[in-house]
Amino acid sequence: MNVGDPDRLADRIAANPYRRFPELDAAAAALLLADDLRAHRTALVDEGDEEARVVVSRVAWDCERLGVEIGRIEAWATAAATDATIERLARVARGALTQHRIAFASARLPSTDARAQALCQAIGLHPAGELQNLALDDPGPPAQGARPAATLVARDAGQGDLEAIRALAETGYENRLLTEARLDGARVRALYGEWAANDLRGRTPITLLALAEGAAAGFISVGLLRAPSGIGFVDLVVVAPWARRRGVGRALMEAAIPRLRERGAHRIELNVAATNGPAIALYRGMGFAPRMRFTDYSGWFD
Ligand SMILES: CC(C)(COP(=O)(O)OP(=O)(O)OC[C@H]1O[C@@H](n2cnc3c(N)ncnc32)[C@H](O)[C@@H]1OP(=O)(O)O)[C@@H](O)C(=O)NCCC(=O)NCCS
């Protein structure tokens with residue numbers, strides 16, 4: 001079964017958890033939910049109603065690269081959802097995970113969504129980390145006096161840069177998958193490389209490569225959620241360990257933001273692990289403000 005058109009589904013789901021945030025209007029909430037759904041292509045089960053709902057999907061891309069059956073769970077539940085409903089949906093989700101032999105599954109929820117968290121925990125998922133969502137509204141020109149790295153050039157990356165960008169992501173990026181002892185670290189790193197390569201192949205419209213002293217020092221990939229949202233996002237920004245604390249990350253952000261503005265972005269958003277001090281310091285220093293937090297849940301089911 002396929003989830004179908006994520007935009008239509010997102011419109012139908014009145015219990016969209018993102019609607020609870022006063023800082024999000026209806027359109028932004030629908031976009032966020034549609035993006036959650038879009039990212040997880042093949043739904044194994046989609047059950048529930050407007051009070052509580054669960055979608056379990058198989059993430060084919062990650063399965064192939066990690067050599068493990070990987071599932072993704074979208075869970076949402078309103079305060080009106082009863083314990084019986086939560087337990088019923090959890091049983092359905094567990095059944096789908098077992099039937100399709102999903103070994104590892106994860107979910108991401110707004111951190112304040114207590115009922116959806118209850119649903120995830122009833123499925124057998126546990127909190128695995130916190131994400132901070134940051135937003136920069138009305139991004140203006142870069143602050144005067146910003147310190148460019150010596151001899152830094154940030155230019156549009158082309159297909160000839162694919163291997164350099166893949167290597168930067170493999171060696172410089174980290175997320176919570178690396179902390180999963182049962183996943184093969186080398187395969188996780190190769191997956192990061194594939195994400196970056198995919199951005200360059202067109203998943204995001206803009207990828208910039210920074211060169212310092214003639215060598216690939218970092219890259220950034222950015223895009224817009226979908227026209228006419230006016231919401232830009234930063235997908236990946238990675239600086240090689242040897243090139244850090246020299247202004248490369250800031251220079252990449254400062255080169256990418258005007259490109260997003262040119263395309264109509266009036267707000268730029270990103271998610272960052274709440275424990276990633278260097279990245280949060282970089283973003284806050286550029287005027288990004290905290291908007292909402294997400295909790296990542298995960299669990300093994302085999
Ligand atoms: C986050 C990252 C991109 C920063 O790149 P960078 O080139 O080292 O950053 P910059 O030199 O441009 O630093 C700009 C500002 O960010 C902050 N910052 C960067 N690294 C920091 C650190 N280790 N500790 C504290 N603040 C830091 C500082 O405010 C710094 O300004 P300052 O040097 O004038 O004090 C880099 O550390 C990285 O690639 N990390 C791994 C990948 C990653 O986590 N990416 C973000 C995922 S969302």
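In this predicted model, the secondary structure of the protein chain comes to nine helices and 11 strands. The chain has 302 residues, of which 41% count as buried. Among its contacts between residues at least 6 apart in sequence, 72% join residues at least 24 apart.

**Helix H4**

Helix H4 covers residues 83–99, and because each of its 17 residues should add 1.5 Å, an expected span of 24 Å agrees with the 24 Å found between its end C-alpha atoms. Its buried residues are Ile-86, Leu-89, Ala-90, Ala-93, Ala-96 and Leu-97. Seen down the axis of H4, these buried residues fall within an arc of 125°, so they line one face of the helix. This kind of spacing has a general background: an α-helix has 3.6 residues a turn, so residues three or four places apart point the same way. On the other side of H4, Ala-84, Thr-98 and Gln-99 are exposed. The cover over the buried residues of H4 includes four strands, namely E1 (42–48), E2 (52–58), E3 (70–77) and E4 (104–110), together with helix H5 (114–123).

**Positive phi angles**

Just after H4, Arg-101 takes a positive phi of about 55°. Glu-213, which is not a glycine, also has a positive phi, and Arg-245 is likewise a residue other than glycine with a positive value.

| Residue | Phi | Place |
|---|---|---|
| Arg-101 | about 55° | just after H4 |
| Glu-213 | about 50° | loop between E7 (206–212) and E8 (215–224) |
| Arg-245 | near 60° | loop between E9 and H8 |

Are the two loop residues Glu-213 and Arg-245 buried or exposed? Glu-213 counts as exposed because it has 10 C-beta neighbours inside 10 Å, and Arg-245 counts as exposed because it has 9 C-beta neighbours inside 10 Å, where the cut-off for an exposed residue is 12 or fewer.

**The shell around the ligand**

Of the 20 residues around the ligand, Arg-244, Gly-249, Arg-250, Pro-278 and Leu-282 come nearest. Three elements, strand E9 (231–239), helix H8 (248–262) and helix H9 (277–285), each supply at least two residues of this shell, and the largest share, six residues, comes from H9. By character, the residues of the shell divide into 10 nonpolar, six polar and four charged.

Key: Residues are numbered from 1 along each chain as its sequence is written. This is a predicted model: local features need pLDDT of at least 70, side-chain atom pairs count only at pLDDT 80 or more; totals for chains, interfaces and linings use all residues. A residue is near a molecule or strand if its C-beta atom, placed from the backbone, lies within 6 Å of it. Ala, Val, Leu, Ile, Met, Phe, Trp, Tyr, Cys and Pro count as nonpolar, Asp, Glu, Lys and Arg as charged, and the others, Gly among them, as polar. A residue is buried if 20 or more other C-beta atoms lie within 10 Å of its own, exposed if 12 or fewer, and partly exposed in between; C-beta atoms are placed from the backbone. Two residues are in contact if their C-beta atoms, placed from the backbone, lie within 7 Å. The expected span of a helix is 1.5 Å times one less than its number of residues. The arc is that of the directions from the helix axis to the C-beta atoms.
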